Amino acid sequence: MIFTITSPMRMKEVVSVLRSKNRAAAVVGAVAAVGLFATATPASAAAAPTPGAVCGSGYKVINSEDLGPAVVYLTYNSSNGYNCVTTIQEKPSAPGLIWMGASIQKSGGSEIRDFGNYGVYAGPVYVHAPDTCIKWGGGMYDYVWKSGWEHCG
């Protein structure tokens with residue numbers, strides 16, 4: 001803004017206008033900042049999903065492997081004979097994708113894998129394996145874990 005001051009009285013009016021505009025700008029800025037912080041919640045505050053929520057209704061955890069920042073879960077649904085594996089971050093970090101994975105294989109079958117860049121969890125991967133041994137595993141960052149043949153029936 002450019003003002004031309006023609007008298008001392010006019011000078012007081014200009015100062016008064018500038019002060020009120022500065023106060024208004026400060027109030028608007030403060031309200032905007034409060035609104036921004038009030039609506040933004042840290043990603044780490046979000047609860048991690050449960051293995052049952054990822055795999056679906058009827059799946060119960062029968063084993064798990066703690067990888068540190070994530071846990072690999074093996075679940076089983078006794079009503080349909082399927083196993084499910086998912087790797088879930090226990091404390092989801094800042095928004096963004098990280099490398100994670102989940103895998104499962106039944107004896108005599110091919111490995112079923114889901115490895116890639118994900119936000120909170122990898123998988124789910126499923127295999128129908130009643131009365132059959134399975135290998136299961138998962139990973140996060142540069143660490144991959146895999147079980148031996150187990151849960152054979």
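The disulfides of this predicted model are described below, with their positions in the chain and the accessibility of their cysteines.

Two disulfides are present in the structure. When the bonded cysteines of the chain are numbered in sequence order, they pair as 1-2, 3-4.

One disulfide is formed by Cys 55 and Cys 84, with an S to S distance of 2.0 Å. Distant parts of the chain are linked by this pair: Cys 55 lies in helix 2 (residues 51-55) and Cys 84 in strand 3 (residues 82-89), at a separation of 29 residues. The torsion about the S-S bond of Cys 55 and Cys 84 is about -75°, and the disulfide is therefore left-handed. Cys 55 has a relative accessibility of 6% and so counts as buried. Cys 84 is likewise buried, its relative accessible area being 0%.

The other disulfide connects Cys 133 and Cys 152, with an S to S distance of 2.0 Å. The link of Cys 133 and Cys 152 is right-handed, with 115° about the S-S bond. This pair also joins distant parts of the chain, 19 residues apart. Cys 133 is placed in the loop between strand 6 (121-128) and strand 7 (134-140), whereas Cys 152 belongs to the segment after strand 8 (143-146). With a relative accessibility of 23%, Cys 133 is classed as partly exposed, because the buried class requires a value under 20%. Cys 152, at 43% relative accessibility, is also partly exposed, because the exposed class begins over 50%.

Methods. Residues are numbered from 1 along each chain as its sequence is written. This is a predicted model: local features need pLDDT of at least 70, side-chain atom pairs count only at pLDDT 80 or more; totals for chains, interfaces and linings use all residues. Side-chain values use heavy atoms; hydrogens and water are left out. A disulfide is a pair of cysteine sulfur atoms within 2.5 Å. Helices (H or I, at least four residues) and strands (E, at least two) are DSSP runs, numbered from the N terminus. Buried means under 20% relative accessible area, exposed over 50%, partly exposed in between (1.4 Å probe, protein chains only).
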